[in-house]
Amino acid sequence: SSGINAEWPLRPGDCIVKLQKSPSKNQAMKDMYSLAISRFSLPGEAGFPLNSVYARPQGGEVEKMRSYLTQCRQELGQRMVEKVFGDSDKPSKWWTCFSRRKFMDKTLTPLGQHI
């Protein structure tokens, strides 16, 4: 459960950045799925932005945490598409204005990698 706490505050920001660039709601769903299943760092691994706050998972917890977080990322992506696009085929300007803000000035996207 600490895995979800570790990633959750940062994930919506990455989703909004990606959704802002999606030309349609259908493409946004595909983009969110790709983002959800892409490789990501867990607490304790290089590239995880909140390593000073969360401990590395032990033993068999690593794959269990990765699987659980992938499911959470997929669900969040679907929900974000519904919020950001609503009934429209274009993203809401109100939601996309948050793409410029970062929670605690951090992101889950590694430096130099584009969403």
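**Note on a five-helix predicted model**

1. Buried residues account for 37% of the 115 residues in the protein. The structure is a predicted model, and the remarks below should be read with that in mind. The protein has 5 helices and 0 strands; from the N terminus onward, its elements follow the order α-α-α-α-α. Of the contacts with a separation of 6 or more, 71% are between residues 24 or more positions apart. The points that follow take up the packing of helices H2, H3 and H4, and then turn to individual residues.

2. The pairing of H3 with H4 may be taken as the starting place. Helix H3 comprises residues 25-37, and helix H4 comprises residues 61-85. The two pack at an angle of about 155°, and their axes are 8 Å apart. Because angles over 145 degrees count as roughly antiparallel, H3 is described as roughly antiparallel to H4. The crossing of H3 past H4 is right-handed.

3. The residues that form this contact can be listed by helix. On the H3 side they are Lys25, Ala28, Met29, Met32, Tyr33, Leu35, Ala36 and Ile37. On the H4 side they are Thr70, Arg73, Gln74, Gly77, Gln78, Val81, Glu82 and Phe85. Sorted by class, the contact of H3 with H4 contains 9 nonpolar, 4 polar and 3 charged residues.

4. Helix H2, which covers residues 11-20, also packs against H4, at an angle of about 55° and with the axes 10 Å apart. At that angle H2 is oblique to H4. H2 passes H4 in a right-handed crossing. From H2, the residues Arg11, Pro12, Cys15, Ile16 and Leu19 take part; they meet Arg73, Leu76, Met80, Val81, Val84 and Phe85 of H4. By class, the contact of H2 with H4 comprises 9 nonpolar residues, no polar residues and 2 charged residues.

5. The remaining pairing to be described is that of H2 with H3. Their axes lie 10 Å apart, and the helices pack at an angle of about 140°. H2 is therefore oblique to H3. This crossing, too, is right-handed. H2 contributes Arg11, Asp14, Cys15, Lys18 and Leu19, while H3 contributes Ala28, Asp31, Met32 and Leu35. The contact of H2 with H3 has 5 nonpolar, no polar and 4 charged residues.

6. Certain residues recur in these lists. Arg11, Cys15 and Leu19 of H2 appear in the contact with H4 and again in the contact with H3. Ala28, Met32 and Leu35 of H3 take part in the contact with H4 and in that with H2. In H4, Arg73, Val81 and Phe85 meet H2 and also belong to the contact with H3.

7. Two residues of H3 merit closer attention. Lysine 25 is found in helix H3. Leaving out residues up to four places away in sequence, lysine 25 touches Val81, Glu82, Phe85, Gly86, Ser88 and Asp89. Lysine 25 and valine 84 are separated by 59 residues in sequence, yet their C-alpha atoms are 9.1 Å apart in space.

8. Methionine 29 likewise belongs to helix H3. With a relative accessible area of 32%, methionine 29 is partly exposed. Apart from residues up to four places away in sequence, methionine 29 touches Gln78, Val81 and Glu82. Methionine 29 and arginine 79 stand 50 residues apart in sequence and 9.7 Å apart in space, C-alpha to C-alpha.

9. Outside the helices, asparagine 51 lies in the loop between H3 and H4. Asparagine 51 counts as partly exposed, at 32% relative accessibility. Neighbours within four places in sequence aside, asparagine 51 is in contact with Leu42, Pro43, Gly44 and Glu45.

10. A final point concerns the cysteines. The count of disulfides comes to 0. Cysteine 72 has a relative accessible area of 13% and is buried. Cysteine 97, in contrast, counts as partly exposed, with 28% relative accessibility. Cys15 of H2 is among the residues that meet H4, and the contact of H2 with H3 includes Cys15 as well.

Conventions: Residues are numbered from 1 along each chain as its sequence is written. This is a predicted model: local features need pLDDT of at least 70, side-chain atom pairs count only at pLDDT 80 or more; totals for chains, interfaces and linings use all residues. Side-chain values use heavy atoms; hydrogens and water are left out. Axes are lines fitted to C-alpha atoms, for helices over the stretch in contact, and angles run from 0 to 180 degrees between N-to-C directions. Helices (H or I, at least four residues) and strands (E, at least two) are DSSP runs, numbered from the N terminus. Angles under 35 degrees count as roughly parallel, over 145 as roughly antiparallel, 65 to 115 as roughly perpendicular and the rest as oblique. A crossing is left-handed if the near helix is turned anticlockwise from the far one by less than a right angle, and right-handed if clockwise. Contact means heavy atoms within 4.5 Å. Ala, Val, Leu, Ile, Met, Phe, Trp, Tyr, Cys and Pro count as nonpolar, Asp, Glu, Lys and Arg as charged, and the others, Gly among them, as polar. A disulfide is a pair of cysteine sulfur atoms within 2.5 Å. Buried means under 20% relative accessible area, exposed over 50%, partly exposed in between (1.4 Å probe, protein chains only).
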